[in-house]
Amino acid sequence: MEKWARVLVGYSIDVKPGETVAITGGVAAEPLLRAIYREVVARDGLPVMIPVLPGLTSLLVANGSDAQLEYVSPVEAFVRNGVDAMITVGAETNTRVNSGIDPARQRVYQRARAKLLQTSLQRAATGELRWSSTLYPTDAYAQDAEMATEDFAEFVFAACKLNQPDPVAAWTALHDEQARLIDWLADKDEIHVVGPDTDLRLSVKGRTWINSDGHRNFPSGEIFTGPIETTATGRVRCSFPVVTNGREIADIRLRFEAGKVVEASAAKNEEYLLQMI
């Protein structure tokens, strides 16, 4: 936990003396949350701990009125707009907690926070807000991965490079390798993705590639960009399930025309997928 916290605080967000740092996450991750708090204190930062009890948001979305769903608390606004840096620790104990909730109610809750999210993204883009998000190995995540919790924890530690003598050096080396790939892609105009039930073309001409090297998502290890919005054309099948907002969506199939989804289906929770689209 201490090694993990040192990398998050010292490398991912690089806390400076006097900076306000929000630390938020599920209480199942208490050992890591405490270690992060100690590390922020050690670097003369100003830690603000915001622990999250499991199931509270689901309780609100399931039972609250529209006015309650649309209420954005001062704490939410402070975390997004009032701090210099933010560390979020995912620690779900039930990744299907929202399975019985009407998707329309979830949309009300999300729409109410869209402006706040946009503001925080703008602050992050200008460097005014630094953030990092990690995932604590709970039983629920291990079950999703069909692994024993101890084995899943070791998988997470390895993905975070915490089992290496110098994790920061390992992330720096990964950055350099990914920079080589970005250099190769810099002058490419079109991406053509082909696979089982997948044939998708999209233009990336003039777009910027990002080197995701463990500063934001932790762990990471990807390069990414956004396609020109009107160019995605073709079909894609996501054979690996995704668990999002407390629901599992399996075997997602999408067909795009000029950047828009014109057909969508899923073997599980299709109605939710269609509502979100």
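Trainee: What relative accessibility does arginine 96 have?

Mentor: The model is a predicted one, in which local features need pLDDT of at least 70, side-chain atom pairs count only at pLDDT 80 or more, and totals for chains, interfaces and linings use all residues. Residues are numbered from 1 along each chain as its sequence is written, and side-chain values use heavy atoms, with hydrogens and water left out. A residue is buried under 20% relative accessible area, exposed over 50% and partly exposed in between (1.4 Å probe, protein chains only). Arginine 96 counts as partly exposed because its relative accessibility is 28%.

Trainee: With which residue does arginine 96 form a salt bridge?

Mentor: A salt bridge requires a side-chain nitrogen of Lys or Arg within 4 Å of a carboxyl oxygen of Asp or Glu. For arginine 96 and its partner, the closest N and O atoms are 2.1 Å apart. The partner is buried, at a relative accessible area of 14%. The residue is glutamate 248.

Trainee: How many residues apart in sequence are the parts that arginine 96 and glutamate 248 tie together?

Mentor: Helices (H or I, at least four residues) and strands (E, at least two) are DSSP runs, numbered from the N terminus. Arginine 96 lies in the loop between β3 (85-90) and α6 (103-112), whereas glutamate 248 belongs to strand β12 (residues 247-249). The pair therefore ties together parts whose separation in sequence, in residues, is 152.

Trainee: Which residues are linked with Arg96 and Glu248 in a network of salt bridges?

Mentor: The structure holds 19 salt bridges. The network that contains Arg96 and Glu248 also includes Asp144 and Lys268.

Trainee: Is glutamate 229, the salt-bridge partner of arginine 207, buried or exposed?

Mentor: The side chains of arginine 207 and glutamate 229 meet at 2.9 Å, N to O. Arginine 207 is in the loop between β6 (198-203) and β7 (210-212) and glutamate 229 in the loop between β9 (222-224) and β10 (233-238), so this pair ties together parts 22 residues apart in sequence. Arginine 207 is partly exposed at 29%. With a relative accessible area of 54%, glutamate 229 is exposed.

Trainee: Which strands stand at the edges of the open sheet of 5 strands?

Mentor: Two strands pair if DSSP finds at least two bridges between them. The order of the open sheet is β2-β1-β3-β4-β8, with parallel pairing. Each edge strand has a single partner, so one of its sides is left without a neighbour in the sheet. The edge strands are β2 (46-52) and β8 (217-218).

Trainee: Which residue in β2 stands opposite isoleucine 23?

Mentor: Strand β1 (residues 20-26) and β2 pair in the parallel sense over 7 bridges. Opposite isoleucine 23, in β2, stands methionine 49.

Trainee: What relative accessible area does valine 15 have?

Mentor: Valine 15 is found in the loop between α1 and β1. Leaving aside neighbours within four places in sequence, its contacts (heavy atoms within 4.5 Å) are Val9, Val21, Arg43, Gly45 and Arg130. Valine 15 is buried, its relative accessible area being 2%.

Trainee: Which residue in the turn of the β5 and β6 hairpin has a positive phi?

Mentor: Strand β5 (residues 190-195) pairs with β6 in the antiparallel sense over 6 bridges. Within this pairing, valine 193 has leucine 200 in β6 as its bridge partner. The hairpin has 2 residues between its strands, and the one with a positive phi of about 60 degrees is aspartate 197.
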